[in-house]
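Visitor: Please take me closely through one part of this model, and tell me how that part fits with the rest. I am new to reading structures, so I would be glad of a careful explanation.

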Amino acid sequence: DACSTDANITVSSSDSASGSCPIVLTRTYTVTDECNNTSVDIIHTINIDDTTPPSISCPVNITVIADIGQPSANVTIGLPTVSDNCSTNVSFTNDY
């Protein structure tokens, strides 16, 4: 600003997000001087995209040998561990 010192200039911003993958963050900056003259809005667009697939780690293989005529046995099968770099809400579905 030609009439204001840097100490008398106010920079404000606001954010607006849309989408989920990718997320588009639109940040709008406005500069105001001590006489309340305001700049045109400066738009900064930030694209946040997750391109890393989730990972899964399965429990070790087990072998169960059934003997006909013997009482049944309970077998506990461990669950896989799943993770994702960008999400804390990761789920898996099994079909057995």
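Guide: The protein chain has 5 strands and 0 helices, and if you follow its elements from the N terminus on, they run β-β-β-β-β. Please keep in mind that you are looking at a predicted model.

Let us look closely at Thr-30, a residue of strand β2, which covers residues 23–32. Is Thr-30 buried or exposed? With a relative accessibility of 15%, Thr-30 counts as buried, because the cut-off for that word is under 20%. That is worth setting beside the whole chain, where 8% of the 96 residues count as buried.

What does Thr-30 touch, if residues up to four places away in sequence are not counted? On one side of it in sequence number are Thr-10, Val-11 and Ser-12, and on the other are Thr-38, Ser-39 and Asp-41. Of these names, Thr-10, Val-11 and Ser-12 fall within strand β1, which covers residues 10–18. Asp-41 deserves a second look, since the side chains of Thr-30 and Asp-41 are joined by a polar contact of 2.9 Å.

Strand β2 also carries the residue Arg-27, and this brings us to the salt bridges of the model. The structure holds 1 salt bridge, and it is formed by Arg-27 with Asp-15, whose closest N and O atoms are 2.7 Å apart. This pair links distant parts of the chain, with Arg-27 in strand β2 and Asp-15 in strand β1, 12 residues apart. Arg-27 counts as partly exposed because its relative accessible area is 22%, and Asp-15, with 47% relative accessibility, is likewise described as partly exposed.

If you follow the chain beyond strand β2, you come to the loop between β2 and β3, where Cys-35 is found; strand β3 itself covers residues 42–48. Cys-35 counts as exposed, because its relative accessibility is 57%, and Cys-58 is exposed too, with a relative accessible area of 57%. As for bonds between cysteines, the structure holds 0 disulfides. Cys-35 is also useful for judging distance: its C-alpha atom is separated by 31 Å from that of Ala-17, although the two are 18 residues apart along the chain.

A similar pair begins in the segment before β1, where Thr-5 has its place. Thr-5 is partly exposed, with a relative accessible area of 48%, and between the C-alpha atoms of Thr-5 and Ile-46, which are 41 residues apart in sequence, the distance is 30 Å.

These distances can be read next to the outline of the whole chain. Along its principal axes the C-alpha trace spans about 95 × 20 × 15 Å, and the radius of gyration of the chain is 29 Å, whereas a compact globule of 96 residues would have one near 12 Å. The chain exposes about 8,200 Å², of which carbon and sulfur atoms supply 52%. Finally, among contacts between residues at least 6 apart in sequence, 28% join residues at least 24 apart.

How values were computed: Residues are numbered from 1 along each chain as its sequence is written. This is a predicted model: local features need pLDDT of at least 70, side-chain atom pairs count only at pLDDT 80 or more; totals for chains, interfaces and linings use all residues. Side-chain values use heavy atoms; hydrogens and water are left out. Helices (H or I, at least four residues) and strands (E, at least two) are DSSP runs, numbered from the N terminus. Buried means under 20% relative accessible area, exposed over 50%, partly exposed in between (1.4 Å probe, protein chains only). A polar contact is a pair of N or O atoms within 3.5 Å; within protein, one must be able to donate a hydrogen and the other to accept it, and residues adjacent in sequence count only if both atoms are side-chain atoms. Contact means heavy atoms within 4.5 Å. The radius of gyration is taken over C-alpha atoms; the globule rule is 2.2 Å times the number of residues to the power 0.38. Accessible areas come from the Shrake-Rupley method with a 1.4 Å probe; for residues, only the protein chains shown count as cover. A disulfide is a pair of cysteine sulfur atoms within 2.5 Å. A salt bridge is a side-chain nitrogen of Lys or Arg within 4 Å of a carboxyl oxygen of Asp or Glu.
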